[in-house]
Each structure stands twice: as C-alpha cells, then as structure tokens.
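Trainee: Before we look at any detail, could you show me how to read the features of a model with care?
Mentor: Gladly; let us open it and go through the features in turn.

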Amino acid sequence: MQSLLKFSERFGDMLSNVLLTVLYYVVLGPFALVYQLVADPLHLRRRPEGNWTGWDETNDTLAAARRQD
C-alpha cells in the first residue's frame, strides 16, 4: 500500500509538470505573441492621425476634484 501511495504522488507531480508545460506553450505562448504584435499599451507606435490625445476634463471644479469618483 505504501508503494502505491509513493507511486501516485510521483505520478501526480510528473503529470502536473507536464500539464502546466503544455498549458504554457499551447495557450499562453501564442496569446503573448499575438498580444505583442497587436497591442500598443504605451502608445509608442506612430498613428496616422498623430499621437495627440485630447484632454478629458472630468474635474472642472475643486468640489468635483474632491469627490474622488
């Protein structure tokens, strides 16, 4: 019985490593590559209309700025 428990623990450790490796390379790897090619979160790429971002005035008054919403 003790040998069965030892085997199942080793098999579970091995299986979890295999499954996590497959998950990383099959799901996260391609997603990261596509995201890196498509996304520009820092807006570093030059856009045709320019890099200007308009100012959004949400806190026009001191009372609005203190509201913190």
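**Charges, shape and rings**

Mentor: The mean positions of the 7 positive and 8 negative charges of the protein lie 8 Å apart, where Lys and Arg count as positive, Asp and Glu as negative, and His and the chain ends are left uncounted, each charge being placed at NZ of Lys, CZ of Arg, CG of Asp or CD of Glu. This is a predicted model, in which local features need pLDDT of at least 70 and side-chain atom pairs count only at pLDDT 80 or more, whereas totals for chains, interfaces and linings use all residues. Residues are numbered from 1 along each chain as its sequence is written, and side-chain values use heavy atoms, with hydrogens and water left out.

Trainee: What share of the 69 residues in the protein is buried?
Mentor: Buried means under 20% relative accessible area, exposed over 50%, and partly exposed in between, with a 1.4 Å probe and protein chains only; here buried residues make up 3% of the 69.

Trainee: How many aromatic pairs does the count come to?
Mentor: Rings of Phe, Tyr and Trp (its six-membered ring) pair if their centres lie within 6.5 Å, and planes under 30 degrees apart count as stacked, over 60 as edge-to-face and the rest as tilted; the count here comes to 3 aromatic pairs. One of them is the stacked pair of Phe-7 and Phe-11, at 5.9 Å centre to centre with 20° between the planes. Phe-7 is exposed, at a relative accessible area of 52%, whereas Phe-11 is partly exposed, at 40%.
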